[in-house]
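Q: I would like to learn how to read the metal sites and the overall build of a model like this one. Where should we start?

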Amino acid sequence: MKTFDQYVEMAGQIHGHICAGQILGLRMALYGLRLLGLPDPEGKDRKRLLTFVEIDRCATDAISVVTGCRLGKRALKFRDFGKAAATFCDLEKDRAVRVVAKESSIGSARELHPEIADKNQQQMRAYREMPDQELFDAQWVRVRIAPEDLPGYKSPRAICALCGEGISFRRETLRDGVTLCRACAGERYYEPLVP
Ligand SMILES: [Zn+2]
Ligand SMILES: [Zn+2]
């Protein structure tokens with residue numbers, strides 16, 4: 001287990017700077033892991049953990065540092081809810097806890113360190129010192145995770161009948177018996193410039 005300062009240093013390297021969001025994310029992930037009773041996410045608990053993050057901000061990088069859950073390992077799932085919250089899932093025990101930063105935490109930081117004028121500095125300091133219960137609300141939840149969303153899932157790749165591109169992890173859709181990728185099925189987020 002690393003010290004909090006070691007985590008701060010790692011997060012700073014990965015994220016590019018150390019900020020209040022990093023401190024909050026580190027604390028959030030450490031709290032989630034403590035509630036789950038998984039002290040060693042990089043060692044023996046490595047394959048048990050899956051994390052859902054609800055925002056793509058500073059805290060997200062820090063959560064990844066503590067949990068070891070990364071997008072490229074399929075152990076980090078992004079749900080774009082715009083909330084400073086994350087759900088930590090223990091795949092072995094099939095239980096999960098959702099931790100959300102309290103809306104009051106910013107005000108609490110101001111009350112704790114009114115002498116620090118810089119807001120980021122003020123929050124960084126306060127988020128280190130405040131007890132978990134003042135920073136976060138935690139709730140035990142059930143998360144249904146489909147087999148194809150789990151790390152290590154293997155399936156034959158499908159080929160889109162329209163664009164010919166390969167599709168992994170059962171992301172294809174069947175329309176009138178024709179296999180389509182999500183883009184060709186109408187979920188495209190880009191417009192080709194040359195038709
Ligand atoms: Zn940041
Ligand atoms: Zn296609």
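A: Start with the spacing of metal donors along the chain. In this predicted model, the donor residues of the zinc ion (ligand 1) are spaced H-x1-H-x1-C-x38-C.

Q: Which atoms coordinate the zinc ion (ligand 1)?
A: A donor list gives residue and atom. Here it reads His15 (NE2), His17 (NE2), Cys19 (SG) and Cys58 (SG), with distances of 2.1 to 2.3 Å.

Q: Is the site of the zinc ion (ligand 1) tetrahedral or irregular?
A: Four donors count as tetrahedral if all angles lie between 85 and 135 degrees. For the zinc ion (ligand 1) the angles among the four donor atoms run from 91 to 144°, and the site is irregular.

Q: Does His15 count as buried or exposed?
A: Buried means under 20% relative accessible area. His15 has 19% relative accessibility, so His15 counts as buried. Cys19 also counts as buried, because its relative accessibility is 7%.

Q: What are the protein donors of the zinc ion (ligand 2)?
A: They are Cys160 (SG), Cys163 (SG), Cys181 (SG) and Cys184 (SG), 2.3 to 2.4 Å from the ion. Along the chain these donors follow the spacing C-x2-C-x17-C-x2-C.

Q: Which parts does the pair Cys163 and Cys184 tie together?
A: To read this, place each donor in its element. Cys163 is in the loop between β6 (158–159) and β7 (166–167), while Cys184 is in helix α7 (residues 183–187), so the pair joins parts 21 residues apart in sequence.

Q: Is the site of the zinc ion (ligand 2) tetrahedral or irregular?
A: The same angle test applies. The four donor atoms of the zinc ion (ligand 2) make angles of 102 to 115°, and the site is tetrahedral.

Q: Does Cys163 count as buried or partly exposed?
A: Cys163 counts as partly exposed, because its relative accessibility is 34%.

Q: How many helices and strands does the protein chain have?
A: The protein chain has seven helices and nine strands. Its C-alpha atoms fill a box of roughly 65 × 40 × 30 Å along the principal axes.

Q: What share of the contacts with a separation of 6 or more joins residues 24 or more positions apart?
A: In the protein chain that share is 60%. As for burial, 42% of the 195 residues count as buried.

Q: What supplies the exposed area of the protein chain?
A: Split the area by atom type. The chain exposes about 11700 Å², and carbon and sulfur atoms supply 51% of that area.

Q: How many positive and negative side chains are there?
A: There are 31 positive and 27 negative side chains, and the centres of the two sets lie 5 Å apart.

Terms used. Residues numbered from 1 in each chain as written. Chains lettered and ligands numbered in written order. Predicted model: local features only at pLDDT ≥ 70, side-chain atom pairs only at ≥ 80, totals over all residues. Heavy atoms only, no water. Helix = DSSP H or I, 4+ residues; strand = E, 2+ residues; numbered from the N terminus. Buried < 20%, exposed > 50% of the residue type's maximum accessible area, 1.4 Å probe, protein only. Contact = heavy atoms within 4.5 Å. Areas by Shrake-Rupley, 256 points an atom, 1.4 Å probe, with all protein chains shown as cover. Lys, Arg positive; Asp, Glu negative; His and termini not counted. Charge placed at Lys NZ, Arg CZ, Asp CG, Glu CD. Donors = N, O, S within 2.8 Å, 3.2 Å for Na, K, Ca; no water. Tetrahedral: all angles 85-135°; square planar, octahedral: opposite > 155°, others 65-115°.
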